[in-house]
Amino acid sequence: MPLPLDVNSTDYQFYKTLHEDVKLVSNEYGEWDLDFENDDWVNVTGVHSLANACIIAIMTRLNELNYVELYEDFGCRAHELIKKNKSRNIIYQMEIFITEVLENMRRVQRVNYVKITDSPDNQDYTYRINFSITSIMDDEEDGEIIEESFNI
């Protein structure tokens, strides 16, 4: 049985090209898991689905899913740099890798910015990723601006 959808929502009516997905939530340690309400998964559509997909793409290591032909070259190279000696160059390289991942997503019209903060809340080997994208829309107009922030 499919998850319930709010077919009257703006996301469903005007952002069908952004698809639907199961909602992910992060805990205080930066770990991600499925969101549950009333003992069932929470479904997201539209811009929420795209934000969810962006986080999944960034959090997946490059070629981690290469056993499935559909996901060839899927993922982000930023994970290669997390435990390297810290420098401004490492943060810059991570920003480039994340920007590249977001630009390669078909549902993203443009990447507005990617900003990485080193050691938020004095957590060593942790980075805070802030990004902003503009989604595609069902018609030719500019889509919604989506801003997200999470730790990696």
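1. A word on terms before the numbers: accessible areas here come from the Shrake-Rupley method with a 1.4 Å probe. For this protein, which is a predicted model, the accessible surface comes to about 9,900 Å². Carbon and sulfur atoms own 45% of that surface. Of the 152 residues, 39% are buried.

2. Next, the overall layout. The protein has 3 helices and 9 strands. Read from the N terminus, the elements go α-β-β-β-β-β-β-α-α-β-β-β. If you like contact statistics, here is one: among contacts in the protein with a separation of 6 or more, 48% are between residues 24 or more positions apart.

3. The sheet I would look at with you is the open one made of 3 strands, in the order E7-E8-E9, with antiparallel pairing. Its edge strands are E7 (108–118) and E9 (145–151), each of which pairs on one side only. From one strand to the next, the twist averages 15°. As background, strands of a sheet pair through backbone hydrogen bonds, either parallel or antiparallel.

4. How many bridges hold each pairing? E7 and E8 (residues 127–135) pair over 9 bridges in the antiparallel sense, and 7 bridges join E8 to E9, again antiparallel. For a residue to click on in each case, Asp118 has Tyr127 of E8 as its bridge partner, while Phe131 is partnered by Glu148 in E9.

5. Two helices deserve a look alongside this sheet. Helix H2 (residues 46–59) packs on the sheet and touches E7, E8 and E9. The direction of H2 makes about 40° with that of E9. Helix H3 (residues 88–103) lies across E7 and E8 and runs at about 155° to E7.

6. Is strand E8 enclosed or open to its surroundings? Of its 9 residues, 8 are buried, so E8 is largely enclosed by the rest of the structure.

7. On aromatic contacts, the count is 1 aromatic pair. The ring centres of Phe131 and Phe150 are 6.4 Å apart and the ring planes stand at 80°, so this pair is edge-to-face; the reasoning rests on the cut-off that planes over 60 degrees apart count as edge-to-face. The pair links distant parts of the chain, with Phe131 in strand E8 and Phe150 in strand E9, 19 residues apart. Both Phe131 and Phe150 are buried.

8. A charge and a ring also come together in this model. Lys86 lies over the face of Tyr127, 5.0 Å from the ring centre. Lys86 turns up again among the residues that Thr126 touches.

9. Thr126 itself sits in the loop between E7 and E8. Its relative accessible area is 13%, so Thr126 is buried, given that buried means under 20%. Not counting residues up to four places away in sequence, Thr126 touches Lys86, Thr117, Asp118, Ser119, Pro120, Asn151 and Ile152. Thr126 and Ile82 are 44 residues apart in sequence, yet 7.5 Å apart in space, C-alpha to C-alpha.

10. Cys76 is another loop residue to inspect, in the loop between H2 and H3. Is Cys76 buried or exposed? With 1% relative accessibility, Cys76 counts as buried. Leaving aside neighbours within four places in sequence, Cys76 is in contact with Ala57, Ile58, Thr60, Arg61, Leu62, Phe97, Ile98 and Val101. The C-alpha atoms of Cys76 and Thr60 are separated by 6.1 Å, with the two residues 16 apart along the chain.

11. Finally, some backbone angles to check. Most residues other than glycine have a negative phi. Asn38, however, has phi near 55°, a positive value. Asn38 lies in the loop between strand E4 (36–37) and strand E5 (40–41), and with 78% relative accessibility it counts as exposed. Ser119 also has a positive phi, of about 50°, although it is not a glycine. The place of Ser119 is in the loop between E7 and E8, and Ser119 is one of the residues that Thr126 touches.

Notes: Residues are numbered from 1 along each chain as its sequence is written. This is a predicted model: local features need pLDDT of at least 70, side-chain atom pairs count only at pLDDT 80 or more; totals for chains, interfaces and linings use all residues. Side-chain values use heavy atoms; hydrogens and water are left out. Two strands pair if DSSP finds at least two bridges between them. Helices (H or I, at least four residues) and strands (E, at least two) are DSSP runs, numbered from the N terminus. Axes are lines fitted to C-alpha atoms, for helices over the stretch in contact, and angles run from 0 to 180 degrees between N-to-C directions. Contact means heavy atoms within 4.5 Å. Rings of Phe, Tyr and Trp (its six-membered ring) pair if their centres lie within 6.5 Å; planes under 30 degrees apart count as stacked, over 60 as edge-to-face and the rest as tilted. Buried means under 20% relative accessible area, exposed over 50%, partly exposed in between (1.4 Å probe, protein chains only). A charge sits over a ring if NZ of Lys or CZ of Arg is within 6 Å of the ring centre and within 35 degrees of the ring normal.
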